[in-house]
Amino acid sequence: MAGEESKGRLMLIQLGDGGDTEQFEAVCGVKDKSFSINNEVVDTTRPPCNNPEDPLHYSGAYGVRTISISGSGVAVSKASYLNLAKHAFEQDYVNAKLIVPLWGTFSGTILFNKVEATGPMQGEVEFSTELTMTGEIAVEWETLT
C-alpha cells in the first residue's frame, strides 16, 4: 500500500498572483496529473579522422531540458480555475510551483500550452491543461528518510 505522502492528490499546480509578496494558490479540481522531465539528447558522434571506415560508437550530450505538467479534472467555482483560461488566452508568463510528492517542488515561470474545457451532456464541466516551464527552474528536493 502506498504511503500517505505518495498520494496523487498531493501533486499540485500552484499559480502565483503576481503580487509584491507573491502568493500561490493551487488550481482546484485537478484529479489526474502527469509531470515530466524531458532531456533532449544531442548526437555528438563523429567518425574517427584517421580511420573513417572504423565502426562508429555513439556519443551523446544533453541538449534542452523541458519540464512540463498536464492535468485534467472537474471545473470548480474558484479563481484559480478561471485564471487558467485567462492566462492561456492572454499568453501570460506566470510564476508557478509544481509540487510532486517524494520528488520536490519545482518553481519558475510557466507557459500555457493548452487549456481545454469539455461539457458532457449529463455531467460536470471538465477541463484539461498542459503547462511547460520556461527559463530558470528552482528545485527544492524532498528529504526522504
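## Helix 1 and its two sides

On one side of helix 1, Phe89 and Glu90 are exposed. Ser80, Tyr81, Leu84 and His87 of this helix, by contrast, are buried. Looking down the axis of helix 1, you would find its buried residues within an arc of 125°, so they line one face of the helix. Keep in mind, as you turn the structure around, that this is a predicted model.

Helix 1 runs over residues 79-90, which makes 12 residues. From its first C-alpha to its last, the helix reaches 16 Å, close to the 16 Å expected at 1.5 Å a residue. Just after helix 1 comes Gln91, and its phi is positive, near 55°.

What do the buried residues of helix 1 pack against? Their partners are strand 1 (12-16), strand 2 (24-26), strand 5, strand 6 and strand 7.

## Strands side by side

Now let us follow strand 7, which covers residues 126-141. Strand 7 pairs with strand 6 in the antiparallel sense, and 13 bridges join these two. Across from Thr132 in strand 7 you will find Leu111.

Strand 7 also pairs with strand 4 (residues 60-74), again in the antiparallel sense, over 7 bridges. Here Ser128 of strand 7 has Ser72 opposite it.

## A cluster of aromatic rings

The structure holds 4 aromatic pairs. One of them joins Phe35 and Trp103, with 5.8 Å from centre to centre and 75° between the planes, an edge-to-face arrangement. Phe35 belongs to strand 3 (residues 30-43), while Trp103 sits in the loop between strand 5 (94-100) and strand 6 (104-118), so this pair ties together parts that are 68 residues apart in sequence. Is Phe35 buried or exposed? With 11% relative accessibility, Phe35 counts as buried, whereas Trp103 is partly exposed at 41%.

A second pair to look for is Phe106 with Trp141: the ring centres are 5.6 Å apart and the planes stand at 80°, so this pair is edge-to-face. Phe106 lies in strand 6 and Trp141 in strand 7, so the pair ties together parts that are 35 residues apart in sequence. The two partners have quite unlike surroundings: Phe106 counts as buried, at 1% relative accessibility, and Trp141 counts as exposed, at 55%. Put the four residues together and you have one aromatic cluster, made up of Phe35, Trp103, Phe106 and Trp141.

## Phe24 and its neighbours

Our last stop is Phe24, a residue of strand 2. Its relative accessibility is 29%, and Phe24 therefore counts as partly exposed, a class that lies between 20% and 50%.

Which residues does Phe24 touch, leaving aside its neighbours within four places in sequence? Phe24 is in contact with Gln14, Leu15, Gly16, Asn95, Ala96 and Lys97. Lys97 deserves a second look, as this residue lies over the face of the Phe24 ring, at 4.7 Å from the ring centre.

You can also trace a path from Phe24 to Leu111, the residue that stands opposite Thr132. Phe24 and Leu111 are 87 residues apart in sequence, and their C-alpha atoms are 16 Å apart in space.

How values were computed
Residues are numbered from 1 along each chain as its sequence is written. This is a predicted model: local features need pLDDT of at least 70, side-chain atom pairs count only at pLDDT 80 or more; totals for chains, interfaces and linings use all residues. Side-chain values use heavy atoms; hydrogens and water are left out. Rings of Phe, Tyr and Trp (its six-membered ring) pair if their centres lie within 6.5 Å; planes under 30 degrees apart count as stacked, over 60 as edge-to-face and the rest as tilted. Helices (H or I, at least four residues) and strands (E, at least two) are DSSP runs, numbered from the N terminus. Buried means under 20% relative accessible area, exposed over 50%, partly exposed in between (1.4 Å probe, protein chains only). A charge sits over a ring if NZ of Lys or CZ of Arg is within 6 Å of the ring centre and within 35 degrees of the ring normal. The expected span of a helix is 1.5 Å times one less than its number of residues. The arc is that of the directions from the helix axis to the C-beta atoms. Contact means heavy atoms within 4.5 Å. Two strands pair if DSSP finds at least two bridges between them.
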